[in-house]
Amino acid sequence: MGDRGQQHRFDAYGGGGRYGGGLKGDPHQRTGPSPSKVLAVVTMLPVGGTLLALAGIILFGTLIGLAVATPVFIICSPVIVPAALLVAFAVTAFLTSGLAGATGLTALSWFAMYLRQASQAVPETMEQAKRRMQDAAGYAGQKTKEVGQEIQRKAQETK
């Protein structure tokens with residue numbers, strides 16, 4: 001009964017109060033990064049710095065090489081440009097021939113599949129065609145008989 005006078009507060013982060021619980025956990029628990037995270041940062045910082053320095057050196061060397069090679073490219077351009085065009089056209093032709101071959105194989109496989117499906121449907125289609133021909137022949141025979149009777153009737157009326 002002594003609980004009635006005791007105040008209960010609700011902490012926004014953990015529920016707090018007399019019953020504890022919530023998300024906060026033990027207040028004596030250590031906060032901050034774990035030793036494995038600290039070790040990872042300490043290890044990766046020099047590695048990342050070294051890789052960044054190497055990237056800068058490579059970029060600087062590339063720029064120097066381009067500055068040195070540009071006059072050679074300009075002097076040799078009557079030879080280099082046609083050679084580059086020849087290589088580009090050869091690569092384009094090779095890729096185009098491969099694409100044409102792939103397109104041909106795709107078309108042939110589609111045609112083979114179409115023929116396979118058509119050959120399975122032929123007996124059913126043939127039965128339907130036979131029935132239609134019989135119906136058409138019966139209809140033509142009926143019409144011929146009616147026209148013949150009509151001609152006979154007109155011939156007898158004219159007598």
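Visitor: How many salt bridges does the structure hold?
Guide: This is a predicted model, and its salt bridges are counted from the distance between a side-chain nitrogen of Lys or Arg and a carboxyl oxygen of Asp or Glu, which must be within 4 Å. Side chains of opposite charge can pair when their charged atoms come close. The number of salt bridges in the structure is 2.

Visitor: Which residue forms a salt bridge with Glu 150?
Guide: The partner lies in helix 2 (residues 77-158), as Glu 150 does, and the two are 3 residues apart, about one turn of the helix. Their closest N and O atoms are 2.3 Å apart, and the cut-off is 4 Å. The partner is Arg 153.

Visitor: How far apart are the closest N and O atoms of Glu 157 and Arg 153?
Guide: Both residues lie in helix 2, 4 residues apart, which is about one turn of the helix. They form a salt bridge, so the distance has to be within 4 Å. The value is 2.5 Å.

Visitor: Which residues are linked in a network of salt bridges?
Guide: Glu 150 forms a salt bridge with Arg 153. Glu 157 forms a salt bridge with Arg 153 too. The linked residues are therefore Glu 150, Arg 153 and Glu 157.

Visitor: Is Glu 157 buried or exposed?
Guide: A residue counts as buried under 20% relative accessible area and as exposed over 50%. Arg 153 has 40% and Glu 150 has 32%, so both are partly exposed. Glu 157 has a relative accessible area of 54%, so this residue is exposed.

Visitor: What share of the protein chain counts as buried?
Guide: The protein chain has 159 residues, with 2 helices and 0 strands. Its accessible surface comes to about 14,500 Å², and 69% of that belongs to carbon and sulfur atoms. The buried share of the residues is 2%.

Visitor: Where is Val 47 found?
Guide: Val 47 is partly exposed, because its relative accessible area is 40%. Together with Met 44, Leu 51, Leu 54 and Ile 57, Val 47 forms a nonpolar patch on the surface, with about 500 Å² of accessible area. Val 47 is found in helix 1 (residues 35-75).

Visitor: How far apart are the end C-alpha atoms over residues 38-66?
Guide: An unreviewed UniProt entry annotates residues 38-66 and 72-95 as "transmembrane region". Residues 72-95 are 96% helix, with their end C-alpha atoms 31 Å apart. Residues 38-66 are 100% helix and 0% strand, and there the end C-alpha distance is 42 Å.

Terms used. Residues are numbered from 1 along each chain as its sequence is written. This is a predicted model: local features need pLDDT of at least 70, side-chain atom pairs count only at pLDDT 80 or more; totals for chains, interfaces and linings use all residues. Side-chain values use heavy atoms; hydrogens and water are left out. UniProt positions are given in the numbering used here, feature names are shortened, and annotations may be inferred rather than shown by experiment. Buried means under 20% relative accessible area, exposed over 50%, partly exposed in between (1.4 Å probe, protein chains only). Accessible areas come from the Shrake-Rupley method with a 1.4 Å probe; for residues, only the protein chains shown count as cover. Patches are made of residues with over 30% relative accessible area and no salt bridge: like charges are joined within 9 Å, nonpolar side chains (Val, Leu, Ile, Met, Phe, Trp, Tyr) within 5 Å.
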